[in-house]
Each structure stands twice: as C-alpha cells, then as structure tokens.
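Trainee: Could we go through this one together? I would like to hear the reasoning behind each label.
Mentor: Gladly; let us open it and begin.

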Amino acid sequence: VAIAVVAALTAVMLGACASQPEGAVGTTGDTSREARVPGDVRRQIALARDRVFPALVHIDVVTVDNFGGRKVKQRASGSGTIIDAEGHVLTNAHVIDKATTIWCTLSDKRRIPGTLVGDDPFTDLAVVKIDAAALAKLGPEAVATFGNSDKLHVGDYVIAMGSPFSLSRTVTLGVVSNMERVFTRGLGDGEVDEITLDAGGEQRTGLFTNWIQHDALINPGNSGGPLVNLGGEVIGVNTRGGASMGFATPSNLVRQVADSLIKQGGVARSWAGVTFRHIQDTGIEEGVLIDSVDTEGPGAKAGLRPGDVVLSLDGTPTTVRFVDQIPPLLKRIADYPVGTTVEVTYRRNGATATCELVTERLPKERGDEAALRAWGLTVKEITERVAKALKLTDTRGVLVGSVRPGSAATAAEPSIEAGDIIRSIDGEKTPALKELVAFYERTLAMENPPPPENVLIEFDREGKNYLTLVKSKPDKPPDRPREVAKAWIGIETQPLVPRMVEKMGPPMEPGFRVTRVYTGTTAQAAGLEVGDVIVSLNGEKLRPRGIQDSGLFARLVRNLAIDSTVELTVLRKGERVPLEVTLERYRLTNEDAQRDRNTDFELTVRELTFFDREDNRWAEEVAGVMVEDVERAGWAGLGGVAPGDLIQRIDGIAVRSLEDYRRVMSEISAKKPKRVVFVVLRRTRTYFRFVEPEWGALVEKSGAGAAAGEKDGEKKGGERDGEGSAGATPNKGDNR
Amino acid sequence: MKVTTARMALFAAVAAGATAWSGTGAGAAPGVQPATETGEYQQIIDRYGEALVAVKLVLKFEGGGFGEGGERETETVGVMIDPKGVVMCSSLKTGGVPNRGGDMPTITPTDVKVLIADDAEGKPAKLITRDSELDLAWVKIDEPGEKPYVHVDLSKSESAVLGQRLFALDRMGKFFDRAPVISEGRVRGVAHRPRELYIPTEALVSDLGLPVFNAEGVVVGIVIVQVPDPESIGAGGGLFGEDGARPMILPAAEALKATQRALEAEAKPKEPKPAEAPPK
C-alpha cells in the first residue's frame, strides 16, 4: 500500500528539483566505496553503463511559448535514449514541449537535429527521430533494450542515466523504493493529486502511471533519461523528482506508448467520462465508486450517476480498494479501442444493474494557441477542460491567454484582458481558434483595399458582453526623434577646482583640464592635447567651483553655434597658449543612435557611432551596424551573434549603414534562406556567424494550422512547429 | 551607486506614467486670493486656455530588461507655441530619458496625437526632436488646420525677478474633462548655474513643459526639471542630485532659443546625420 506523499513533492518536476549533495546509498556509517557498493554490483553497474551509454542522448531544444501577448523563445535541455536502429529517441514530453528546434547530442559528441515523431502528454512521453544513417556510425550497441518493469522489485538496484545541468553523461545509483507510487493530495487523505504538464494546469499527466520511486540522484536535465537495471536494460524513464526521490515511468507502459507514437504519431485512448474513487474507508466492500460523471460524456449517456459503484467491466471485477489501484483501472479503460461497447455492471442503492457504455476518444485537454502580434494578443482554443475550469457553459469562442502591455489590445477602450472570451470580430463569429486566426491572417494580408484601421471585437468578461475597437499596430515603431543638434568640441575635460590648483601651485589656474582628445576632430587639428588646462573661452575666464561644474565647459560650448570658432586659452607646461577651434556639430551618441529590432532573428542593432569607433579603435572607414541586443534563444543568438559585434556583411552583401541592414534583412525575410551568414567585427578580428533560422516557427499563421488540423495524439514528425501548441512547463529556459 | 539608483528611479517614474509632476509641495493649495485678484485667473484661462493641449502617445520600451518590449499609452499636457501646430512639452514625459546608460531601455514615442480643446480623437502628430538637457520636446501636428491655433508666443515674453507673482496654467486629466486650472506662486530664488532658472514657491503646482505667466498674463517661462549634463551626471546635479525632481522655470527667452534651434534642425532634413558628418 502506498503511503501518502506530501503535496509539495508531487508538484516537483525534474526540471524544478534542487541539486542534492552527494550521498551514499544504503550506508550504515562506513562510507568506504566497498561498503557502499559491493564489488560485484560495481562490475554490474559498469556493464550496465557500457550497454546503455552509447544509446544515451543529450537533448537541447528551442521552444516558442505564447505569453505576455507574444511569442517567446527559450532554450531547455533534457535526456533521451535511442530505442531502435531507425533512430527513434525516447524522452519526456515536457522536454520537447513547444520545441521548434530539437538537437540531439550523441554519445560520440555529434550534435544532430531531431524531429518530433509524437508526444503523449498524458504519460509525459515523447519520441524524437534522428537520422538513422548518423546512428549507424555508432554501431548496434547504440540502441538500448527495454527490460520488463513488472519484474522490478522494491529494493532492487537501479541506475539513473542522463545529462543533468547540461553536463556530459552521468550515472547515479539507487534502489527502488516503491513500485506503485501515486501522487496524493495532502497527508493520507487518499485523494489522487492531479499533476499537470504545464504551469497553466490545463494538461493532466501521469493518469495511467504507477511510478517507480527510487533514490538514484537525479537533477534538472535528467528528464527523459533512462532508469536502468543492473542488466543494462531500460526499465523506466526518469520523469519527475525532488527531495532525494526520483520517479520513473515504468518501461512496460513506456514501450506501449512509444510503439503507438512511432506507428501512429500519437496514442488513441478510450474515455468513459467518469471519475473514480477508491473504496477504502467508504464502507463499500467491492467495486469502485463513481465520484463524478461528465454531463455529456459516455458514462452519462450510458446512464451512470455519481455514487454508483462499478463492480465489473465486461465481466472483469473492478475493485479499487486503494488509491494506487486507480491508474491501472484508468489505463484499462483507456486501452479499449475508441468506440468500444463496454458492459458495465454497477450497484446503485443496493441493486445491481448493467449498462452498455460506448467509449469515446479521450479529449485533448490543452488547447492550441496562436499569437496575434499586431493586436498584442495570444489566444487559446477552449477545450472541455478549459471550459470547466473557467466555468463556461460551452467551448465556443476563443480565450485570450495574454495581452502585451501597451499593445493595441490594451490601448483599446475598453481594453482586452487575459481571460476574455472573444465571440466575434467585425461581425464575423469566432466559434473557435481557427476562425479567429483565419480572420486575423486575412486582415493582415489585405493590400487593396488596405486592412481596416480598426477591428470591432465582441468579447465576454465576467458574464458581460462588450464591444471594443482594436487598432492594428505596425511591428516596428518609427525611428526615435533625435536630440537637437548642438555645437561640440572633440575633447573630454575635468574641472580643475581651486584646491587642486592650490596644490599644483603657480602658474596653474582654475580651468578645465583636457582628459581626452578625440581623433579626427577639429580639436585635435587645432592642437589641443591631453593635459592642457583650458582657462578661458572667448576671453571669459573659466572658474569651476567643484565637481558640480564637471559639465560646465561642454555646456558653454553647446550654447554656441555649430561651425563657429572659439578662442581658447590653455595652460601648457606653464605657458599660456592661445588656440582657435572650430566647433563641430555634435556627434551622434550611442544612446541617440537609431535602432532596428528584427523580430525574426530577435536581434537589435543600432547605427555605428563615432564613439563606437573611438572605443574600439576602429578606423573611420570601418562601417556596419552595432549589435546592441540578442535574445538568448533567438536565431541570431543561437548562431553566435553577440552584443558589441559590428555586422559588416550579411550573406555576402556589405552592410555600411542601418538602411543597408534594413534592406538586406527585409530581403532575407522574403527569401527565407536556410542559412544566413553574418560577418561581424568583434574588437580587432572578424568572425563568421552561421545563423539557421527556422522560418516555419516564425510565421504567425502556423498556430492556425495546428488549430485547424491537429487532433490530439495525431501529431506527426515535422508537423509540429510550436506556434500552435499550448501550455508551459514550469522550468522554462532551463534543464528539464 | 547613487546615480544608478536615481536613474532607475527616474526610469521607474517614466515607466509608471507619472502624469502629474507637481511641485515639491505637491498638493499645496495656492492660498485664498483677494476677490480683486480672481479676475487674473480667468484672464489667463480665457487667453491661453486653448493653447494648452493634451498630447497622447504610446511609449514603446525596448531593451534594458524589456526584451521585445512593452508599450504604455500615456498623456501629458503641452503648450501650443506656434499658430501652425507646434507644441512644446516635457522631454521627460514623452519618453526622453536623459543620459541613460546600458541598463536603460530605449523608449520610442509612437502614435502621437494632439488633442485641442474638447477634441476627443486628436490630430496625428510627430515628436520631431527633443532637448533632453532642457527637458523640452517639440511635437508638430501632421496636417494643421487652416485656422491658426491659439498659442503662447514665446517671443513676447518677460523675465522674472525674485519675489514676483507667477501663474502656472495646467489642465486636469480626461476624467475631469481636461479642465484648465491655475496655480499661483512666486519666484523664491534665481539660479545662475547650470543656467538661469527661476525657482518657484511650492504653491506653484504645474506640470512639466507648461507655461508660467506674470500677473499681466505675459509668459515668463516653462516649467522643466533640470537634468544634469552627461559630463556631470556623477556630480550630484539636478534631477539625479540632492535637488531631485524639483521643478524649475526655464526663462521663456531660453525656451524660445531652444525652439528656434529645434525647428531649424527640423527644417533641414537633408542635413547629414551627425555620425556621417565629416570632421572639419
């Protein structure tokens, strides 16, 4: 009998668990290696390691999530195992959740792309495909074999393998603590805790799983990695963990799901539309109690009611005395082919009766999503589960998932908020996500006539029905207004205050000491030197009082006319030297430079300024655009472009100005090449940066495609692009 | 550290959309006026009330932790200074964050509109340039109407002296139908560095970028917050220093000079960009 597991633990996924100090397994005070692990076991561990290590895969993903009213890319990593010679890699669904790019690092350190074959959020499993030819180079030993998890016993040694914290492969040893673990809510109240794949709580997982609980050390990044017995067989997939405990999905369940994912791209499951409660402490002697019945589900259609006690299904008893017997019952129902007629024998009010229940397909729980950038919205499909959570009467309409602050949606009066249900746009009903996205795309694609300035959106909020006008906004703002041009002199100064002058002694006078002379300026041409002390400007003595007058000299200059000539008196080596300097127009500062943010590459550049050239000691003929900001998981960032780089060429085309850059990037966005080569100047040397955008993931409408055509459990490799998928894992941008 | 904190505080103020930048004695009442003086208020409102316009804009934040960025719609009050639709307003309140370093976001004003009198929609406009040092920005209506706009003529200004009575003109927010309001104070000090500035009594409650008049209804200056020069940002000056965000009054003659410089630059769009200007 499984004891209750504290609720806090149940919510912890591998990605969220803290690293544990290195500890002994089964020690009794003697911490010698021999005492901890007997020699024969160590030899078995080594053999198991050698059998599985070649099949171990480190998985890196780039994900695209929808929140804050827009798409957000992030990086994450996990582990996986090659399970056949065709190149199928088994991992957790949460490792590749919303991934647009999957990279698999093999045991020989080669990093090759992977494509998603299918995922099954209900068991948190997924299969990724890598190139079989690449796999062939590793030899036949690079395919792991499954063991029979039913033969595993409490107390058996198990080995967790993976690449936690994105490190190279690791092995940790533990023993099986429990073979029937079910996460329960609270301490001993017997309620099955509902665990979800995503932070939003929309997608349940682990419904059919009695977890293998073990104490082999696992950390973020172990997710999806194998749990191995001493025979070198995979007997589980490490999926959750925390507080020195690991929880693996048993291999027998894994094999069934993986087979279905490989053959069908998903798992079709039957659903009865009822929830069960175990009968311990209920006074019921046999069967399983129906806790609730979905009003329009198969159970309701068959006439079942809450409080009925199901005694058998197709004549097979269904007694569920304890909570850990619920997952097998759910799995038994799920394993019926969808549409099967099941004979249900149940007891109601002391009388036994029978009904025929026709199973239906287990419905998807997490809806598809899309980002409507021009309006600053992310929107979600309303599934049955979402409708129930929001207390909606049906699934019609589109849920607003998030709103970008300051976007068209928030500027609307009344503004649109997360949680609103969009009912129609410009009079067109939007009963589902696909209709809304279709309208959005159609509107944005309009050229003649141009798109309407505003769209009239009808939405529901808290039982009230509103209308609002939303004005589409361009992706890119106009250039920022520049500062008013003022006169400038190409030097930096510091005030030479009276106490300093006193210390330096005669003939020093208060003034402004030149601390830098910029090259190629009129100040340099006029002969100003570092160390000169400017004591008068146009005959007026300069008397800085203290540090508060640091900017006085420059300010006096700014108040004069551009191109005018000023007379300076400088003290140089004790001599008063008159100098004439023509004032220049101020040089564009880095702050005032115009910027361009490219949302495809997630790259912000700005004009190259005089001060950039000065700081980097670049000659005047050096040209390009300065990289100011790069999103960590954006395509440019992934390709190695970094802040401070000067982009000089893109795909062989010289970039000498921001206008050049905008033109080239616009052409690239239109052509959508597989690879874009940036030549950047970083300090004193150039670098080639090969950026491989995944254009499909950047197209807004991809969410609509998923929304329109994808059914739960029917994803095929290469179809999924992350835009249309929904939900979030709690450990974003990190090891999973 | 002090500077960084102050800069972040400034940014926070901008980001939070402080729409009413009042005197250091914010909320202080102008005091009861003798009945004989009440007509002065009406006179200023009648004469210049329509010159005070609402400037609506969207500030787009990028970088500085904003990533792709956020946007915030904001509204400030500006003063029409030209019959053809040039509005002066506060640079700070229209997204001009002075002397920002790498930790500050880029703020771009977009969707600028000028609302005159009881106009609810606003006229599309452009923020053409700014002078962060003086906390001034200039907005120009894209398609000005044929009828000249009521405006405050900065070329017809007077200077102020210590102790002189001052009248500040402002507008309430849209909730109060942008009702024009007057506050009254006096010149309690005159600073000569970093530039000449009148320091008003705390009773003078106004918003940045708005005009201040003398008792005769002649403009004497524009309310600004003194921003330190880039060179003295670490010297405890102005906005980031011990005087904080104390509003000051920039003499109208200085505001006029700045305006002429700004409009002159605007009139020469073909001029080479500063970065491209060849060294002399």
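**Reasons behind the labels**

Mentor: Let us start with Tyr466(A), which is partly exposed, with a relative accessible area of 26%. Keep in mind that this is a predicted model.

Trainee: Why is Tyr466(A) called partly exposed?
Mentor: Buried means under 20% and exposed means over 50%, with partly exposed in between. Tyr466(A) has 26%, so partly exposed is the label.

Trainee: And Phe459(A), is that buried or exposed?
Mentor: Phe459(A) has a relative accessibility of 0%, which is under 20%, so Phe459(A) counts as buried.

Trainee: What makes the rings of Phe459(A) and Tyr466(A) a stacked pair?
Mentor: Two values decide. Their centres are 5.4 Å apart, within the 6.5 Å limit, so the rings pair. Their planes meet at 20°, under 30 degrees, so the pair is stacked. Tyr466(A) also has Arg461(A) over its face, at 5.5 Å from the ring centre.

Trainee: How do you know that Trp488(A) and Phe610(A) are edge-to-face?
Mentor: The ring centres are 5.6 Å apart, again within 6.5 Å, and the planes stand at 80°, which is over 60, so edge-to-face is the right term. Trp488(A) belongs to strand β33 and Phe610(A) to helix α15 of chain A, so this pair ties together parts 122 residues apart in sequence. Both residues are buried. Ring pairs also link Trp488(A), Tyr518(A), Phe610(A) and Phe611(A) into a cluster.

Trainee: Why is the contact between Arg204(A) and Glu365(A) called a salt bridge?
Mentor: The closest N and O atoms are 2.5 Å apart, and the cut-off is 4 Å, so the pair qualifies. It links distant parts of the chain, with Arg204(A) in strand β12 and Glu365(A) in the loop between β24 and β25 of chain A, 161 residues apart. Glu365(A) has a relative accessible area of 5%, under 20%, so Glu365(A) is buried.

Trainee: What about Arg516(A) and Glu614(A), how do you know that they form a salt bridge?
Mentor: Their N to O distance is 3.3 Å, within 4 Å, so the same term applies. Here Arg516(A) sits in strand β35 and Glu614(A) in helix α15 of chain A, 98 residues apart. Arg516(A) is partly exposed at 25%, while Glu614(A) is buried at 9%.

Trainee: What makes the salt bridge of Arg193(B) and Asp549(A) a link between chains?
Mentor: Arg193(B) lies in a loop of chain B and Asp549(A) in a loop of chain A, so the pair joins two chains. The N to O distance is 2.6 Å. Arg193(B) is partly exposed at 32%, and Asp549(A) is buried at 1%. Beyond this pair, salt bridges that share partners join Lys486(A), Arg558(A), Asp131(B), Glu133(B) and Arg195(B) into one network.

Trainee: One last residue: why is Ser157(B) called partly exposed?
Mentor: Its relative accessible area is 25%, between 20% and 50%, so partly exposed fits. Ser157(B) is in the loop between β6 and β7 of chain B, and its side chain reaches the backbone oxygen of Leu154(B) at 3.5 Å. Leaving aside neighbours within four places in sequence, Ser157(B) has contacts including Val218(B) and Val219(B). The C-alpha atoms of Ser157(B) and Val219(B) are separated by 5.0 Å, although the two residues are 62 residues apart along the chain.

Methods:
Residues numbered from 1 in each chain as written. Chains lettered and ligands numbered in written order. Predicted model: local features only at pLDDT ≥ 70, side-chain atom pairs only at ≥ 80, totals over all residues. Heavy atoms only, no water. Helix = DSSP H or I, 4+ residues; strand = E, 2+ residues; numbered from the N terminus. Buried < 20%, exposed > 50% of the residue type's maximum accessible area, 1.4 Å probe, protein only. Contact = heavy atoms within 4.5 Å. Polar contact = N/O pair within 3.5 Å; in protein donor to acceptor, adjacent residues only side chain to side chain. Phe/Tyr/Trp six-rings, centres within 6.5 Å; stacked < 30°, edge-to-face > 60°. Lys NZ or Arg CZ within 6 Å of the ring centre and 35° of its normal. Salt bridge = Lys/Arg side-chain N within 4 Å of Asp/Glu carboxyl O.
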